[in-house]
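Me: I would like to go through this structure by question and answer. Please keep the replies short and end each one on what I asked for.

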Amino acid sequence: MGIVCRVCMHHCNLESGQFGLCRARKNEGGVVVCANYGSITSLALDPIEKKPLRMFYPGKMILSVGSYGCNLRCPFCQNHQISMTGKDVADFTYISPADLAAKAAAAKSMGNIGVAFTYNEPLVGWEYVRDTAKLVRAEGMKNVLVTNGTAHLEVLEEILPYIDAMNIDLKGFCEEYYRELAGDLQAVKKFIVRAFAACHVELTTLIVPGKNDSDSDMVAEARWIASLDSEIPLHITRFFPRYRMLDAQATEVKDVYRLAETARKYLKNVFVGNC
């Protein structure tokens, strides 16, 4: 008899010893555990604008940390070497929450304001995010989450008290497109609404030719965002061939700027990236 993982809408039914679709959660002794807890694959001190966050402590640095695993299957993933792998493949080092918080504090002299959970999908290992974020907050520092927003609200509530800002990927505004990525648009919208009520939120949409590059899709997306608040920052970024889309063409720069102008009809803070 399996046990169901409740972190996201996939509801993976896991037999004993089995990992979920995310490759980061596992049925261990009849309990779903965070198998990637403290397994750090990437650690770097970055400008906060790289998250991307443009309206949250601009000009500051933040210690960015990632593990392995993801609950989406984007064929263009730029971090697929870690997000699409599991414990048996990923190259990682164990860093406890206390050690990571200490590293963040030690980097204050270099302009560091806290920790950003990023690179892979942090919420497939939300327990580590929660435990670390508590300690980072105790150091008087900030916590940033960079996420695809594909998690149940119960998971979000576990970490929200300790998160100061998020960048949430809004892949597009079409249910069919989200299904291609193994996602759920409605789940992401609910996530965004709740997150925005509790912390600073910026959104990012990667424009993939032939997938989410129509004016009508951008109008629908921008209108919905504006219905929450027209000042929510939206980053519109350019696709480059990656992972399983190496034979695709990069997004035309003119198309990125066109869609940014479309979004600006409804939103006050629209930023263009990767151009």
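Me: Start with arginine 25. Which strand holds arginine 25?
Reply: The model is a predicted one. Arginine 25 sits in a strand that covers residues 25-28. That strand is β3.

Me: Is arginine 25 buried or exposed?
Reply: The relative accessible area of arginine 25 is 4%. Buried means under 20%. Arginine 25 therefore counts as buried.

Me: Which side chain joins that of arginine 25 in a polar contact of 2.7 Å?
Reply: The side chain of arginine 25 has a polar atom 2.9 Å from the backbone oxygen of valine 124. The 2.7 Å contact, by contrast, is between two side chains. The partner of arginine 25 there is glutamate 127.

Me: Turn to the aromatic rings. How many aromatic pairs are there?
Reply: Ring pairs are counted when their centres lie within 6.5 Å. The count of aromatic pairs is 5.

Me: What is the geometry of the pair formed by tyrosine 37 and tyrosine 128?
Reply: The ring centres of tyrosine 37 and tyrosine 128 are 5.2 Å apart. Their planes stand at 85 degrees. Planes over 60 degrees apart count as edge-to-face. So the pair of tyrosine 37 and tyrosine 128 is edge-to-face.

Me: How many residues apart are tyrosine 37 and tyrosine 128?
Reply: Tyrosine 37 is in the loop between β4 (31-34) and β5 (39-40). Tyrosine 128 belongs to helix α3, residues 126-138. The pair links distant parts of the chain, and the two are 91 residues apart.

Me: Which accessibility class does tyrosine 37 fall in?
Reply: Its ring partner, tyrosine 128, is buried at 6% relative accessible area. Tyrosine 37 has 27% relative accessibility. The buried class ends at 20% and the exposed class starts over 50%. Tyrosine 37 is therefore partly exposed.

Me: Threonine 132 is in helix α3 too. Which residues does threonine 132 contact, leaving aside neighbours within four places in sequence?
Reply: Threonine 132 is buried, at 0% relative accessibility. Its C-alpha atom is 8.9 Å from that of valine 115, 17 residues apart along the chain. Beyond the sequence neighbours, the contacts of threonine 132 are Pro97, Leu100 and Phe117.

Me: Now the salt bridges. How many are counted?
Reply: A salt bridge needs a side-chain nitrogen of Lys or Arg within 4 Å of a carboxyl oxygen of Asp or Glu. Aspartate 46 and lysine 50 meet this at 3.8 Å, N to O. The count of salt bridges is 15.

Me: Is lysine 50 buried or exposed?
Reply: Its partner aspartate 46 is buried, with a relative accessible area of 7%. For lysine 50 the value is 57%. Over 50% counts as exposed. So lysine 50 is exposed.

Me: Where do the two ends of the salt bridge between arginine 258 and aspartate 215 lie?
Reply: The side chains of arginine 258 and aspartate 215 meet at 2.6 Å, N to O. The two residues are 43 apart and link distant parts of the chain. Arginine 258 lies in helix α8 and aspartate 215 in helix α7.

Me: Which residues are linked in a network of salt bridges with Asp215 and Arg258?
Reply: Arg258 is partly exposed at 30% relative accessible area. Asp215 is partly exposed at 35%. The other members of their network are Lys254 and Asp255.

Me: Which salt-bridge partner does glutamate 261 have at 2.5 Å?
Reply: Glutamate 261 is partly exposed, at 48% relative accessibility. The partner is also partly exposed, with a relative accessible area of 34%. The residue that meets glutamate 261 is arginine 264.

Me: Why do the buried residues of α8 lie on the same side of the helix?
Reply: The buried residues of α8 (253-263) are Asp255, Val256, Leu259, Ala260, Thr262 and Ala263. They lie on the same side of α8 because the arc they cover around the axis is only 160 degrees.

Me: Which elements do the buried residues of α8 pack against?
Reply: The elements include one helix, α7 (215-228). The full set is β12 (200-207), α7, β13 (234-238) and β14 (270-273).

Definitions and conventions
Residues are numbered from 1 along each chain as its sequence is written. This is a predicted model: local features need pLDDT of at least 70, side-chain atom pairs count only at pLDDT 80 or more; totals for chains, interfaces and linings use all residues. Side-chain values use heavy atoms; hydrogens and water are left out. Buried means under 20% relative accessible area, exposed over 50%, partly exposed in between (1.4 Å probe, protein chains only). Helices (H or I, at least four residues) and strands (E, at least two) are DSSP runs, numbered from the N terminus. The arc is that of the directions from the helix axis to the C-beta atoms. Contact means heavy atoms within 4.5 Å. Rings of Phe, Tyr and Trp (its six-membered ring) pair if their centres lie within 6.5 Å; planes under 30 degrees apart count as stacked, over 60 as edge-to-face and the rest as tilted. A polar contact is a pair of N or O atoms within 3.5 Å; within protein, one must be able to donate a hydrogen and the other to accept it, and residues adjacent in sequence count only if both atoms are side-chain atoms.
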